[in-house]
Amino acid sequence: LNRGKSADGLVSLKWYKGGEIDKVIEYCKQDVQITRNLFLYGETNGCVKYTTRSGIAKELEVDWKIANLI
């Protein structure tokens with residue numbers, strides 16, 4: 001999808017503790033959108049692609065057809 005997360009859970013916790021609730025809400029919305037788009041990509045293509053922490057491109061086969069998940 002060529003898109004990373006805008007932050008991580010630890011940063012959002014700092015925002016929450018600091019009263020920056022609007023940032024937490026935006027982070028959560030973006031996280032849900034990325035998760036949804038990743039699922040739809042996997043459902044359509046039968047795989048998801050990712051880069052490991054060491055920078056190696058990988059592909060993982062998935063069977064996320066909705067009919068199989070229900």
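Let's start at C47: with a relative accessibility of 8%, this cysteine counts as buried. Keep in mind as you look around that the model is predicted. Another cysteine, C28, is partly exposed, at a relative accessible area of 39%. Are there any bonds to look for here? A disulfide is a covalent bond between the sulfur atoms of two cysteines. A pair of cysteine sulfur atoms has to lie within 2.5 Å to be called one, and by this rule the count is 0 disulfides.

Now turn to the aromatic rings. A pair of them is described by the distance of the centres and the angle of the planes. This structure holds 2 aromatic pairs. In one, the ring centres of W15 and Y27 are 6.4 Å apart and the planes meet at 75 degrees, so the pair is edge-to-face. W15 sits in helix α1 and Y27 in helix α2, so this contact links distant parts of the chain, 12 residues apart. W15 is buried, at 19% relative accessible area, and Y27 counts as buried too, at 9%.

The pair of F39 and W64 is stacked, with 5.7 Å from centre to centre and 15 degrees between the planes. F39 belongs to helix α2, while W64 lies in the loop between β2 (57–61) and α3 (66–69), so the pair ties together parts that are 25 residues apart in sequence. F39 is partly exposed, at 26%, and W64 is partly exposed, at 26%.

Finally, look at the surface. L13, Y16, I21 and I25 form a nonpolar patch there, with about 370 Å² of accessible area together. Helices α1 (9–17) and α2 (21–45) each supply at least two of its residues. One of the four, I21, lies in α2 and is partly exposed, at 38% relative accessible area.

Terms used. Residues are numbered from 1 along each chain as its sequence is written. This is a predicted model: local features need pLDDT of at least 70, side-chain atom pairs count only at pLDDT 80 or more; totals for chains, interfaces and linings use all residues. Side-chain values use heavy atoms; hydrogens and water are left out. Patches are made of residues with over 30% relative accessible area and no salt bridge: like charges are joined within 9 Å, nonpolar side chains (Val, Leu, Ile, Met, Phe, Trp, Tyr) within 5 Å. Accessible areas come from the Shrake-Rupley method with a 1.4 Å probe; for residues, only the protein chains shown count as cover. A salt bridge is a side-chain nitrogen of Lys or Arg within 4 Å of a carboxyl oxygen of Asp or Glu. Buried means under 20% relative accessible area, exposed over 50%, partly exposed in between (1.4 Å probe, protein chains only). Rings of Phe, Tyr and Trp (its six-membered ring) pair if their centres lie within 6.5 Å; planes under 30 degrees apart count as stacked, over 60 as edge-to-face and the rest as tilted.
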